[in-house]
Each structure stands twice: as C-alpha cells, then as structure tokens.
Amino acid sequence: MSTSFKIIAPDTTLRQAAEIMRDHDLGYLPIGENDRLKGAVTDRDIVVRGLATGMSGDESVMRVMTDHITYCFEDDTIREAAEVMKAEQIRRLVVLNEHKRVCGIISLGDIAREHHDRHLTGDIETAVAQPGGHAHAMDSGMTFIR
C-alpha cells in the first residue's frame, strides 16, 4: 500500500492533475471536497476521456473523473483487497482507516510485490480486462465489499 498519495480538489484542472502525477510519480488521484471523497482520476482518464476528446488542459478533473469509489479498510488482508479489486475490475483501491479517512492506495503492483501469488494478480488483470466493470462506469457512489 502506498501512503504517499495526494487528494486533489474538484476544481483542479487536467493540467494541474497531470503535473501532480508527474511530480509525485502517481497514476491515480482521489478527488475530495469538504472531507468527502467525490471521485478519482487516473492518468488514463486525463488522456482518454479528456485530451483525446478535445478537452483543454484547463478543464476541471470533474469532467473526466470516475465518481464511483471502491475501497477497503486498512485492517483487511491483501487477499481481501485483491478479491475486491477482482470483483470490481479495478487496478487501484482506496484504503480507509477506522475513521473512514483515506490512509493509502493499494495497487495491483503492490499486491504483486507483497503477495507472491501470480494466479491472484493474474486473476485481477483478467477481470480488469473484461468489459463492464466499474472502472469503465460513470455511476456515483461508493462500494465496499467485505
């Protein structure tokens, strides 16, 4: 799990988000306002949903973000987090503490490094590649699976 993450405001521009990603070597930024998660944006969202459709770098990340946040808790096991990622077809998962505050982001790479089960990471990659997952949806809300 990475604990070096940044939460950006909804009015952050695509350019600013891309610069934060570049400067901090991040590919995923949670978006928050008034102590609440509103969504998240990935480097792919900026390029595919934003720039490739003709948006300017001055547009808000709100225009391209995914507003469905899936999360787990910091006391969940790596396997539990991996199963959530597989079920939701996502490569990154927000990790919350007992106060429901973001305390980290777990990625497929983290699971590969910490849980030396190639089948588990392969299963997640296979699930992510399937059409119809939340990674491709623009529905609102949060999902937690325990």
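Of the 13 residues that form the largest nonpolar core, I8, L29, V41 and V61 touch the most other members. Two elements, α1 (14-24) and β1 (28-33), give two or more residues to this core, and α1 gives the most, with three. The model is predicted. The notes below start from the cores, go on to the helices that pack beside one another, and end with T13, a pocket and the chain as a whole.

**Nonpolar cores**

- V41 is in contact with I8, M21, G27, Y28, L29, I31, I46, V61 and V64, leaving aside its neighbours within four places in sequence.
- The partners of V41 therefore include I8, L29 and V61, which are named with V41 as the core members that touch the most others.
- Another core, of 12 residues, lies apart from the largest one, and M85, I90, V95 and C103 are among its members.

**Helix α1 and its end**

- Three residues of α1 are buried: L14, A17 and M21.
- These three cover an arc of only 65° around the helix axis, so they sit on the same side of α1.
- An α-helix has 3.6 residues a turn, so residues three or four places apart point the same way.
- R22 and D23 are exposed on the other side of α1.
- The partners against which the buried residues of α1 pack are β1, β2 and α2.
- M21, one of the buried residues of α1, is also among the contacts of V41.
- D25, just after α1, takes a positive phi of about 55°.

**Helix α2**

- Which residues of α2 (residues 43-50) are buried? They are D45, I46 and G50.
- Seen down the axis of α2, these buried residues fall within an arc of 100°, so they line one face of the helix.
- The cover over the buried residues of α2 includes α1 and β2 (36-42).
- I46, one of the buried residues of α2, is in contact with V41.

**T13, ahead of α1**

- T13 is found in the segment before α1.
- Is T13 buried or exposed? Its relative accessibility is 16%, and under 20% counts as buried, so T13 is buried.
- Not counting residues up to four places away in sequence, T13 touches G57, D58, E59, S60 and V61.
- V61 thus has a place in two of these lists: T13 touches V61, and V61 is named among the members of the largest nonpolar core that touch the most others.

**Second largest pocket**

- The volume of the second largest pocket is about 330 Å³.
- It is lined by 13 residues, of which D35, R36, L37, K100 and R101 are the closest to its centre.
- At least two residues of the lining come from β1, and at least two from β2.
- β1 and β2 also pack against the buried residues of α1.

**The chain as a whole**

- The protein chain has five helices and six strands.
- Along the sequence, these elements follow the pattern α-β-β-α-β-α-β-β-α-α-β.
- Of the 146 residues of the chain, 43% count as buried.
- Among contacts between residues at least 6 apart in sequence, 58% join residues at least 24 apart.
- The chain exposes about 8,200 Å², and carbon and sulfur atoms supply 48% of that area.

Definitions and conventions. Residues are numbered from 1 along each chain as its sequence is written. This is a predicted model: local features need pLDDT of at least 70, side-chain atom pairs count only at pLDDT 80 or more; totals for chains, interfaces and linings use all residues. Side-chain values use heavy atoms; hydrogens and water are left out. A nonpolar core is a set of buried Ala, Val, Leu, Ile, Met, Phe, Trp, Tyr and Cys residues joined through side-chain atoms within 4.5 Å. Buried means under 20% relative accessible area, exposed over 50%, partly exposed in between (1.4 Å probe, protein chains only). Helices (H or I, at least four residues) and strands (E, at least two) are DSSP runs, numbered from the N terminus. Contact means heavy atoms within 4.5 Å. The arc is that of the directions from the helix axis to the C-beta atoms. Accessible areas come from the Shrake-Rupley method with a 1.4 Å probe; for residues, only the protein chains shown count as cover. On a 1 Å grid over the protein atoms alone, a cavity is a set of points where a 1.4 Å probe fits but cannot get out, and a pocket is an open set with protein on both sides within 12 Å along at least five of seven lines; lining residues have an atom within 4 Å of a point. Grid points are joined across faces, edges and corners, and a volume is the space filled by probe spheres set on the points.
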